[in-house]
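Hi everyone, thanks for coming. I'd like to walk you through a structure that is probably new to most of you. Have a look at it on the screen first.

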Amino acid sequence: MKSCTLLGALSLALMPAIHAADSGVRPVTLDECVQTAFRNNLQLQIVRYLPELAELNLTGSYGAYDPVFQGAYGADKNTRPGQSGIDQIKAPSNVNWSQDYGMGLNGLLPTGADYRLFGNLVAQRNKFAVGTNFLGDDVFGYQSIVPAQAGIQLTQPLLRDMWIDNARWAISLNKKTVLQEEQGLRSQLIITATEVQVAYYNLAAARQSVAVQKQAVELAERLLIENRKRVEVGALAPLEEKQAEAQVAGSRADLISAQQTYNVAQNTLKRLLTSDYAELADTIFEPSDTFKPQPYPFNRQESWSRGLTQRPDII
């Protein structure tokens with residue numbers, strides 16, 4: 001499970017993360033945001049366990065080839081009493097003891113063959129009368145017999161289950177399930193990282209837009225002050241002052257819109273970084289990465305090829 005181990009190491013890398021104790025203005029890098037999202041994303045926390053569960057199911061499917069050991073024991077005692085009576089001669093009783101031991105080992109091979117190893121041991125002991133002594137007491141004899149047998153039985157079907165059987169089908173299916181869950185985890189990592197990157201870039205752009213709109217408001221207000229002075233001295237028509245006032249109002253409206261976009265971008269990034277919004281409600285993120293656009297040579301055919309060979313859903 002090399003790929004799953006790599007993904008797990010990626011998602012749990014020991015890099016700086018954003019904690020609930022952070023408050024106020026918080027400079028953050030893109031790596032910090034991505035790693036924090038990897039730790040806190042609920043969907044990712046669920047998907048992370050699926051490859052491990054699939055591995056356990058795959059290991060369990062190999063249990064079809066585990067041998068089964070069987071053992072048995074039995075004991076028996078049989079007493080045949082002697083006969084006596086007025087017209088009969090007294091006969092001593094006979095006693096038979098027997099103990100049975102059995103064991104076996106059987107299982108299934110990957111070729112579809114069934115094997116069975118078995119062994120039996122029967123210990124028999126007989127007590128019987130052989131006569132009387134000079135005192136008239138019965139004299140007994142003993143006989144012991146210990147027969148044993150062992151064997152191996154192997155059954156290999158020639159056509160039935162030649163290509164596939166239940167055990168091999170389950171193993172093949174579970175192997176594909178492991179690969180599927182690994183790609184599912186990889187897909188969720190890609191989705192999470194992409195969403196965080198887009199939110200981070202949007203926040204940086206919104207923050208810059210707010211700064212630009214603030215400068216626009218300052219310039220519009222400065223122009224309005226200058227136009228008012230010119231109108232007072234008669235160097236400018238009153239209409240120019242009204243136009244400057246309208247420009248100030250428009251710049252302030254654009255600033256409010258930019259601030260709203262900035263707040264939405266803040267909330268979007270916070271939603272991706274934590275499952276409890278209250279933890280980061282008082283935190284203001286400021287992207288600290290420097291953005292240096294680099295030209296990227298785009299090739300349509302190469303993009304198609306990479307998409308067909310690297311996308312987790314297609315794999």
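I'll start with the overall layout and then go through a few spots in turn.

One thing up front: this is a predicted model. The protein has 315 residues, and 27% of them are buried. Its secondary structure comes to seven helices and seven strands. If you follow the sequence along, the order goes α-β-α-α-α-β-β-β-β-β-α-α-β-α. Now, take the contacts between residues at least 6 apart in sequence: 66% of those join residues at least 24 apart. As for the outside, the accessible surface is about 21500 Å², and carbon and sulfur atoms account for 56% of that.

Staying with the surface, let me point out a patch. Leu-158, Leu-159, Met-162, Trp-163, Ile-164, Trp-169 and Leu-173 together make a nonpolar surface patch of about 900 Å². Let's pick out Trp-163, which sits in the loop between strand E6 (148-155) and helix H5 (166-232). Is Trp-163 buried or exposed? Its relative accessibility is 75%, so Trp-163 counts as exposed.

Next up, aromatic rings. How many aromatic pairs are there? The count is two. In one of them, Tyr-73 and Tyr-101 are tilted, with 5.2 Å from centre to centre and 45° between the planes. This pair links distant parts of the chain, since Tyr-73 belongs to strand E2 (residues 68-80) and Tyr-101 to strand E3 (residues 94-108), 28 residues apart. Tyr-73 is exposed at 52% relative accessible area, while Tyr-101 is partly exposed at 37%. Then there's the pair of Tyr-200 and Tyr-201: the ring centres are 6.3 Å apart and the planes are at 70°, so this one is edge-to-face. These two are sequence neighbours, but look at their surroundings: Tyr-200 is buried, with 0% relative accessible area, whereas Tyr-201 is partly exposed at 40%.

Now to a loop residue, Asn-41, between helix H2 (30-40) and helix H3 (42-47). With a relative accessible area of 15%, Asn-41 is buried. A polar atom of the Asn-41 side chain lies 2.7 Å from the backbone nitrogen of Leu-44. And which residues does Asn-41 touch once we leave aside its neighbours within four places in sequence? Those are Gln-188 and Thr-192.

Last topic: charges. Side chains of opposite charge can pair when their charged atoms come close. In this structure there are eight salt bridges. One of them joins Glu-32 and Arg-26, at 3.7 Å from N to O, and both of these residues are buried. Another joins Arg-207 and Glu-286 at 3.6 Å, N to O. Arg-207 is in helix H5 and Glu-286 is in strand E7 (residues 283-287), so this bridge ties together parts 79 residues apart in sequence. Both ends are partly exposed, Arg-207 at 36% and Glu-286 at 26%.

Helix H5 shows up again with Glu-221, which forms a salt bridge with Arg-252, the closest N and O atoms being 2.8 Å apart. Arg-252 is in helix H6 (residues 238-273) and Glu-221 in helix H5, so the pair ties together parts 31 residues apart in sequence. Again we have partly exposed residues: Glu-221 at 30% and Arg-252 at 44%. And finally, Arg-228, Glu-241, Lys-242 and Glu-245 are linked in a salt-bridge network.

That's my tour, so over to you for questions.

Terms used
Residues are numbered from 1 along each chain as its sequence is written. This is a predicted model: local features need pLDDT of at least 70, side-chain atom pairs count only at pLDDT 80 or more; totals for chains, interfaces and linings use all residues. Side-chain values use heavy atoms; hydrogens and water are left out. Patches are made of residues with over 30% relative accessible area and no salt bridge: like charges are joined within 9 Å, nonpolar side chains (Val, Leu, Ile, Met, Phe, Trp, Tyr) within 5 Å. Accessible areas come from the Shrake-Rupley method with a 1.4 Å probe; for residues, only the protein chains shown count as cover. A salt bridge is a side-chain nitrogen of Lys or Arg within 4 Å of a carboxyl oxygen of Asp or Glu. Helices (H or I, at least four residues) and strands (E, at least two) are DSSP runs, numbered from the N terminus. Buried means under 20% relative accessible area, exposed over 50%, partly exposed in between (1.4 Å probe, protein chains only). Rings of Phe, Tyr and Trp (its six-membered ring) pair if their centres lie within 6.5 Å; planes under 30 degrees apart count as stacked, over 60 as edge-to-face and the rest as tilted. A polar contact is a pair of N or O atoms within 3.5 Å; within protein, one must be able to donate a hydrogen and the other to accept it, and residues adjacent in sequence count only if both atoms are side-chain atoms. Contact means heavy atoms within 4.5 Å.
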